[in-house]
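Q: Got a minute to walk through this one with me? I'd like to go through the strands, the helix packing and the charged pairs.

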Amino acid sequence: MFKSLPSFVCATVFLASTGVVSAQEGQAWWSGDWYVSIGAAGFVAPRFEGADSRKLQFSPLISIGKVGPAVRFSSRNDNPSFALLDNGGVRAGIAGKLITKRDEDTDSDLAGLAEVPWGLEAGAFVEVYPTDWIRARAELRHGIRSHHGVVADIAVDAFTDITPDLRLSGGPRATLASAKFFDAYYGVNAAESAKSGLSQYSPDGGVHSVGAGAALTWQASEAITTSSFVEYRRLTGPASDSSLVKERGSRDQLLFGLSATYKFGFTID
């Protein structure tokens, strides 16, 4: 799931990025000022969830959204989403995530295990601003094609502007998932055990991981934004108990990298 996304696929998914459904009376909701943001991230991350080795990876960053009355806080962990409710302190709507294929071509440690095909996770999100410097966000998504489980991501970020153009943010993260998700990524049945040499393992649902992340974001100009980021997750419960993690991987998952985006606007009448 850490594997980089091909540009043409990523573009398709991120075109559903953050927006607000709000229109004046007699005006279509799509009318108004919009923005397009294009960029890329380079980062070092585990070869697969639970791996003990990392590699340099790249991912395009493409998003489109409607310009609101205020600049919202956003995190690189936010999946593409579209707000159906926005009253200032609370936002909620639909969210989705593109899942890339995972097989033995991803890493030789996966040889003998069933392929996890590419697919989607679709669901909803809600984010709350209890103060003007804290944002809490939760996403609940159901797997389509890649797996048939349910995944919940929870993150709380505190943010402060060191200077008008430099923002520091960070906070705790947690992920929970159902047994079907864990079975796809961490389960090892009898046939897979015979082929891979890993011990059999049949997981239940539970807490997938806990950790924290931080980012330093520089608004280089009105159009250009750059960021450095680091994320640490500790696999727990059904993930940490998997033979894939115990015998070939690591509970400690570290990701760090840099990103840059260019944003321009347009108006739809």
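A: Before the strands, one term: two strands count as paired if DSSP finds at least two bridges between them. Also keep in mind that this is a predicted model.

Q: Fine. Which residue in β7 is the bridge partner of Arg137?
A: Ala155 is the bridge partner of Arg137 in β7. The strands involved are β6 and β7 (residues 150–163), which pair in the antiparallel sense over nine bridges.

Q: What sits between β6 and β7 in the hairpin?
A: Five residues lie between the strands of that hairpin, and Arg145 takes a positive phi near 80° there.

Q: And how many bridges join β7 to β8?
A: Ten bridges, with β7 and β8 running antiparallel. One of the partnerships is Phe159 with Ser169, the latter in β8. The hairpin that joins β7 to β8 does so through two residues.

Q: Back to Arg137. Which residue does Arg137 form a salt bridge with?
A: Glu127, with the closest N and O atoms 2.8 Å apart. The pair links distant parts of the chain: Arg137 is in strand β6 (residues 134–144) and Glu127 in strand β5 (residues 119–131), ten residues apart.

Q: Is Arg137 buried or exposed?
A: Arg137 has a relative accessible area of 6%, so it is buried, the cut-off being under 20%. Glu127 is buried too, with a relative accessible area of 1%.

Q: What about Arg173, which residue does it meet in a salt bridge?
A: The side chain of Arg173 meets that of Glu231, at 3.2 Å from N to O. This pair also links distant parts of the chain, with Arg173 in strand β8 (residues 166–177), Glu231 in strand β10 (residues 224–235), and the two positions 58 residues apart. Both Arg173 and Glu231 are buried.

Q: Which residues do salt bridges with shared partners join into one network?
A: Asp78, Arg91, Glu121, Glu127, Arg135, Arg137, Glu139, Arg141 and Asp153. So the Arg137–Glu127 bridge has both of its residues in that list.

Q: How many salt bridges does the structure hold?
A: The structure holds 16. Another of them is between the side chains of Asp103 and Lys101, at 3.6 Å from N to O. In that pair Asp103 counts as buried at 11% relative accessibility, while Lys101 is partly exposed at 37%.

Q: Changing topic: the helix. Which residues of α2 are buried?
A: In α2 (residues 179–186) the buried residues are Phe181, Phe182, Tyr185 and Tyr186. Seen down the helix axis, these buried residues fall within an arc of 95°, so they line one face of α2.

Q: Why would residues a few places apart end up pointing the same way?
A: An α-helix has 3.6 residues a turn, so residues three or four places apart point the same way.

Q: Which residues make up the largest nonpolar core?
A: There are eleven: Ile99, Val116, Val151, Ala177, Phe181, Phe182, Tyr185, Tyr186, Leu235, Ala239 and Val245. The largest share, four residues, comes from α2. Apart from this core lies another, of seven residues, including Ala51, Leu113, Leu198 and Leu244.

Q: How many aromatic pairs does the structure hold?
A: Five. One is Phe182 with Tyr186, a tilted pair at 6.0 Å centre to centre and 45° between the planes. Phe182 and Tyr186 both lie in α2, four residues apart, about one turn of the helix. Phe182 is buried at a relative accessible area of 0%, and Tyr186 is buried at 0% as well.

Q: What about Tyr262 and Phe264, how far apart are they centre to centre?
A: That pair is tilted as well, 6.4 Å centre to centre with 35° between the planes. Tyr262 counts as partly exposed at 45% relative accessibility, and Phe264 as partly exposed at 38%.

Q: Which residues do ring pairs link into a cluster?
A: Phe181, Phe182, Tyr185 and Tyr186. These are the buried residues of α2 again.

Q: Last one: which residue lies over the face of Phe229?
A: Arg76, at 4.4 Å from the ring centre. Lys263 lies over the face of Tyr35, at 5.2 Å from the ring centre.

Terms used
Residues numbered from 1 in each chain as written. Predicted model: local features only at pLDDT ≥ 70, side-chain atom pairs only at ≥ 80, totals over all residues. Heavy atoms only, no water. Buried < 20%, exposed > 50% of the residue type's maximum accessible area, 1.4 Å probe, protein only. Arc of directions from axis to C-beta. Core = buried A, V, L, I, M, F, W, Y, C linked by side-chain atoms within 4.5 Å. Phe/Tyr/Trp six-rings, centres within 6.5 Å; stacked < 30°, edge-to-face > 60°. Lys NZ or Arg CZ within 6 Å of the ring centre and 35° of its normal. Salt bridge = Lys/Arg side-chain N within 4 Å of Asp/Glu carboxyl O.
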